[in-house]
2 protein chains.
Amino acid sequence: MIAVNLSDEDRWKKYNNFSPLISIFKKFHPLNDEIERRINQHTFPVSYKKNKYLVSPVDRNKFLFLIVKGVVRGFIKDGTAEITTWIAKENEVVGTIRNLWVEGDSEEYLQALEDVDLIAIPHVLSEYLYENFTEANIVGRKMMEQYYRSAEERAYLCRISSAEKRYKRFLVSFPDLINRVSLKHIASFLAIRLETLSRIRAKI
Amino acid sequence: MIAVNLSDEDRWKKYNNFSPLISIFKKFHPLNDEIERRINQHTFPVSYKKNKYLVSPVDRNKFLFLIVKGVVRGFIKDGTAEITTWIAKENEVVGTIRNLWVEGDSEEYLQALEDVDLIAIPHVLSEYLYENFTEANIVGRKMMEQYYRSAEERAYLCRISSAEKRYKRFLVSFPDLINRVSLKHIASFLAIRLETLSRIRAKI
DNA sequence: CTTAGTTGTTGATTATTGTCAAAAAAACAT
DNA sequence: ATGTTTTTTTGACAATAATCAACAACTAAG
């Protein structure tokens with residue numbers, strides 16, 4: 001599914017010779033040279049066309065992805081229906097969550113909602129960095145705090161009582177997504193039907 | 001609101017002379033003596049009666065709390081209504097989230113749903129430990145990963161299409177809470193009315 | 001024990017949202 | 001451009017859940 005056929009020299013040509021992950025991490029904490037070297041060596045760019053799935057069941061949980069360009073959604077198959085649990089854009093890191101609380105049929109998928117450019121981060125790399133570099137744990141801790149807050153916001157959003165209020169909250173929480181993501185996915189994220197969302201928008 | 005009148009010697013008497021926080025942290029990573037000493041010195045036990053609020057607007061965001069005994073919920077005031085976004089029990093760490101994405105009227109509260117014993121963790125302590133001890137970042141990172149997953153579960157749960165399915169998911173995700181928490185709070189967590197929950201339960 | 005207050009149940013009614021179907025509008029490919 | 005597909009809108013109707021109200025069950029306090 002994901003093949004790496006790039007030599008170390010030209011892998012990052014289009015990104016000024018460095019993995020974009022490095023500048024993201026540096027916003028949280030300075031990195032030492034060895035970490036940067038490892039990141040350049042073991043992460044790699046990958047692209048998907050709009051509507052393609054980022055993870056097949058085969059390599060689920062082998063990578064995280066930094067979104068360099070585009071929008072990605074995460075959803076869970078609930079029988080025949082799909083439940084979109086998040087929508088992420090540039091500079092966010094996405095991935096499937098490993099140990100879902102409840103074992104069962106619910107499977108998580110990632111889908112590109114635009115043509116996307118990503119940086120793939122093998123889990124083995126994250127684990128290696130966490131075990132060998134204290135800076136990695138500082139960066140990881142700070143990023144997780146940020147992602148935890150955004151997950152809390154998603155958990156709050158969908159508990160707002162009326163569909164209209166949820167939509168309005170979406171508009172202020174994610175103003176940039178409304179024009180980039182089709183309404184059917186936003187409806188799913190808001191836990192309402194597309195038709196209902198369409199009527200709410202007509203009313204406002 | 002929170003007063004500490006204990007000398008260092010007897011503060012932890014009821015917990016075999018150590019802050020219970022230490023054994024929680026040690027499940028994630030070994031701690032050095034200096035960290036343990038700081039934790040014993042700067043965290044302290046505090047108890048609340050059922051239905052009491054853990055944070056007043058005054059000292060919001062000054063502490064996290066480890067729940068040693070009891071159940072706590074977090075909720076957000078949405079006008080007159082309350083939206084319960086999580087319910088936590090023993091061995092979980094809870095607190096208000098600082099920078100909510102959207103500034104505004106939504107205020108977060110913590111409430112004891114049983115008589116609770118807690119360990120208060122001043123934010124200044126967390127910050128100090130993060131800045132001075134690499135182990136703290138390892139523990140913090142791992143704990144945040146765990147809490148992120150549980151927040152994802154909450155975000156998924158409330159997007160399930162029917163009230164009955166959400167309740168059933170609750171039963172498997174939080175089997176221990178159903179007999180400890182009043183139905184009105186569970187209903188709020190499931191984003192349904194108490195009456196609806198009552199009817200669903202009658203039907204099953 | 002008795003009373004007051006809270007929590008949970010049940011019924012009747014209303015409101016909101018979902019479902020199904022069709023058409024319009026927009027996006028995409030040739 | 002042209003036809004094709006996807007997305008979005010609209011309408012009629014059904015189902016689900018909310019609301020209001022009354023009451024029963026359970027707790028807590030005196």
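A salt bridge is a side-chain nitrogen of Lys or Arg within 4 Å of a carboxyl oxygen of Asp or Glu. By this rule, the structure holds 30 salt bridges over all chains. The legends below describe close-up views of a predicted model.

**Figure 1. Overall make-up of chain A in the predicted model.** Chain A contains seven helices and seven strands. Along the sequence, these elements follow the pattern α-α-β-β-β-β-β-β-β-α-α-α-α-α. Of the 204 residues in chain A, 55% are buried. When contacts in chain A between residues at least 6 apart in sequence are considered, 70% join residues at least 24 apart.

**Figure 2. The interface of chain A and chain B.** Chain A and chain B each bring 42 residues to the contact. Together they bury about 4200 Å², and 64% of this area is on carbon and sulfur atoms. Four salt bridges are counted between chain A and chain B. In addition, 11 residue pairs across the interface are in polar contact, with both residues of a pair at pLDDT 80 or more. On the side of chain A that touches chain B, the elements giving two or more residues are β3 (72-78), β4 (81-88), α4 (134-157), α5 (163-173) and α6 (183-189) of chain A. The greatest contribution to this side comes from α4(A), with 18 residues. By residue class, the side of chain A that touches chain B comprises 21 nonpolar, 10 polar and 11 charged residues.

**Figure 3. The salt bridge of A:R154 and B:E152.** The closest N and O atoms of A:R154 and B:E152 are 2.1 Å apart. B:E152 belongs to helix α4 (residues 134-157) of chain B. Because its relative accessible area is 5%, which is under 20%, B:E152 counts as buried. Apart from neighbours within four places in sequence, the residues in contact with B:E152 are A:T85, A:W86, A:I97, A:A151 and A:R154.

**Figure 4. A salt bridge within helix α4 of chain A, and a polar contact in the loop between α4 and α5.** A:R141 and A:E145 form a salt bridge in which the closest N and O atoms are 3.2 Å apart. Both residues lie in helix α4 of chain A, with a separation of four residues, about one turn of the helix. A:R141 and A:E145 are both buried. A:S161 is located in the loop between α4 and α5 of chain A, and its relative accessibility of 58% places A:S161 among the exposed residues. The side chain of A:S161 is in polar contact with the side chain of A:K165, at 3.5 Å.

**Figure 5. Two salt bridges within chain B, and a network in chain A.** The first view shows B:R73 and B:E82, whose closest N and O atoms are 2.7 Å apart in a salt bridge. B:R73 is buried at a relative accessible area of 3%, whereas B:E82 is partly exposed at 33% relative accessibility. The next view shows the salt bridge of B:E114 and B:R180, with 2.8 Å between the closest N and O atoms. B:E114 lies in the loop between β6 (108-112) and β7 (116-122) of chain B, and B:R180 in the loop between α5 (163-173) and α6 (183-189) of chain B, so this pair ties together parts that are 66 residues apart in sequence. B:R180 is partly exposed, having a relative accessible area of 30%. A further view shows A:E34, A:R37 and A:R38, which are linked in a network of salt bridges.

**Figure 6. Aromatic pairs in chain A.** Over all chains, the search of the whole structure finds 20 aromatic pairs. The ring centres of A:Y53 and A:F75 lie 6.1 Å apart with the planes at 55°, so this pair is tilted. The pair links distant parts of the chain, 22 residues apart: A:Y53 lies in the loop between β1 (44-48) and β2 (63-69) of chain A, and A:F75 in strand β3 of chain A. A:Y53 is partly exposed at 39% relative accessibility, whereas A:F75 is buried at 1%. A:F63 and A:F65 also form a tilted aromatic pair, with 6.1 Å centre to centre and 35° between the planes. Both A:F63 and A:F65 are buried. Ring pairs join A:F44, A:F63 and A:F65 in a cluster.

Note on methods: Residues are numbered from 1 along each chain as its sequence is written. Chains are lettered from A and ligands numbered from 1 in the order in which they are written. Side-chain values use heavy atoms; hydrogens and water are left out. Contact means heavy atoms within 4.5 Å. Buried area is the accessible area (1.4 Å probe) that two parts lose on being put together, summed over both. A polar contact is a pair of N or O atoms within 3.5 Å; within protein, one must be able to donate a hydrogen and the other to accept it, and residues adjacent in sequence count only if both atoms are side-chain atoms. Ala, Val, Leu, Ile, Met, Phe, Trp, Tyr, Cys and Pro count as nonpolar, Asp, Glu, Lys and Arg as charged, and the others, Gly among them, as polar. Rings of Phe, Tyr and Trp (its six-membered ring) pair if their centres lie within 6.5 Å; planes under 30 degrees apart count as stacked, over 60 as edge-to-face and the rest as tilted. Buried means under 20% relative accessible area, exposed over 50%, partly exposed in between (1.4 Å probe, protein chains only).
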